[in-house]
Amino acid sequence: MVNKQDVLTVQNLQVAYEDQQIISDLSFTVKQGDILIFLGPNGAGKTTLLRALQNLLPYQGSVSWNAKKISYLPPQEFLQRQNLPPLNIEEFYAFKTADLESIKKMIADVGLDESLLSHQFSELSTGQFQRMLIGWALLGNPDVLILDEPTSGIDLGGEETIYSLLHKFWQNQTLTILLVTHDLNIVWEYATQVICLNKQQMCMGTPDEVLTPEQLKTLYGTGIKFYKHQHR
């Protein structure tokens with residue numbers, strides 16, 4: 001069996017805002033091909049962590065990437081469509097590549113009709129808009145894809161479709177995924193590794209190892225419903 005190389009090594013990461021500690025003493029390693037999901041309650045520091053990993057926020061500690069191309073899809077609230085420029089989809093994609101055939105292939109690969117290339121952002125449904133953004137993020141075959149709650153605001157059926165789509169890309173190319181979600185179904189179905197985060201690392205391991213009733217209660221407090229996912 002071939003050993004997979006380390007894509008990301010984080011040591012003693014600390015992030016603070018105005019003397020308030022957001023993340024404390026976080027250390028972990030991500031292997032090539034991992035789907036690493038960050039779990040934790042609101043305010044746990046998950047979005048802050050993803051931004052610090054990309055040097056978008058100041059931090060202390062060590063973040064070491066072994067990847068040529070990293071693509072980031074921020075949370076939906078950062079992508080309010082009314083604040084985006086009046087571009088159609090083809091013009092938006094052209095910022096990344098002038099190869100129209102590559103653009104058409106990606107649009108098809110994310111399950112959208114080619115006719116949407118002439119549409120503006122405001123003409124897309126929430127699900128179409130998110131598929132379009134995922135295609136944008138995957139243009140150029142990144143080594144690492146970072147996603148922050150990519151199905152926020154999408155109904156349950158659309159959410160399952162988006163994650164199935166991401167999993168298809170993960171299976172078909174050498175892709176490492178770092179993902180924030182609150183959905184335990186998604187964790188059971190797709191994660192190879194899980195980090196439980198509440199300003200500090202509460203656990204790390206496979207879903208079977210770490211998603212126990214005791215650990216979830218520690219992470220979220222009382223009121224979390226536990227169920228054992230049955231693998232299909």
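This passage walks through the disulfide, the aromatic pairs and the charges over rings in a predicted model.

To start with the cysteines, the model has one disulfide. The bond joins C196 and C203, with 2.0 Å between their sulfur atoms. Both of these cysteines, C196 and C203, turn out to be buried.

Aromatic rings come next, and here the count is seven pairs. One of them brings F28 and F38 together in an edge-to-face arrangement, with the planes at 70° and the centres 5.8 Å apart. F28 belongs to strand β2 (residues 20-31) and F38 to strand β3 (residues 35-39), so this pair ties together parts that are ten residues apart in sequence. As for exposure, F28 and F38 are both buried.

Another pair, F92 with W136, is stacked instead: the ring centres lie 4.2 Å apart and the planes make an angle of 20°. This pair links distant parts of the chain, since F92 sits in helix α2 (residues 89-94) and W136 in helix α4 (residues 126-138), 44 residues apart. F92 counts as buried because its relative accessibility is 16%, and the cut-off for buried is under 20%. The two rings also have company: F92 and W136 are part of a cluster, linked by ring pairs, that takes in Y93, F121 and F129 as well.

That leaves the charges over rings. W136 shows up again here, with the charged end of K96 sitting over its ring at 4.7 Å from the centre. Elsewhere, K168 lies over the face of F169, and the distance to the ring centre is 5.4 Å.

Technical notes:
Residues numbered from 1 in each chain as written. Predicted model: local features only at pLDDT ≥ 70, side-chain atom pairs only at ≥ 80, totals over all residues. Heavy atoms only, no water. Disulfide = S-S within 2.5 Å. Buried < 20%, exposed > 50% of the residue type's maximum accessible area, 1.4 Å probe, protein only. Phe/Tyr/Trp six-rings, centres within 6.5 Å; stacked < 30°, edge-to-face > 60°. Helix = DSSP H or I, 4+ residues; strand = E, 2+ residues; numbered from the N terminus. Lys NZ or Arg CZ within 6 Å of the ring centre and 35° of its normal.
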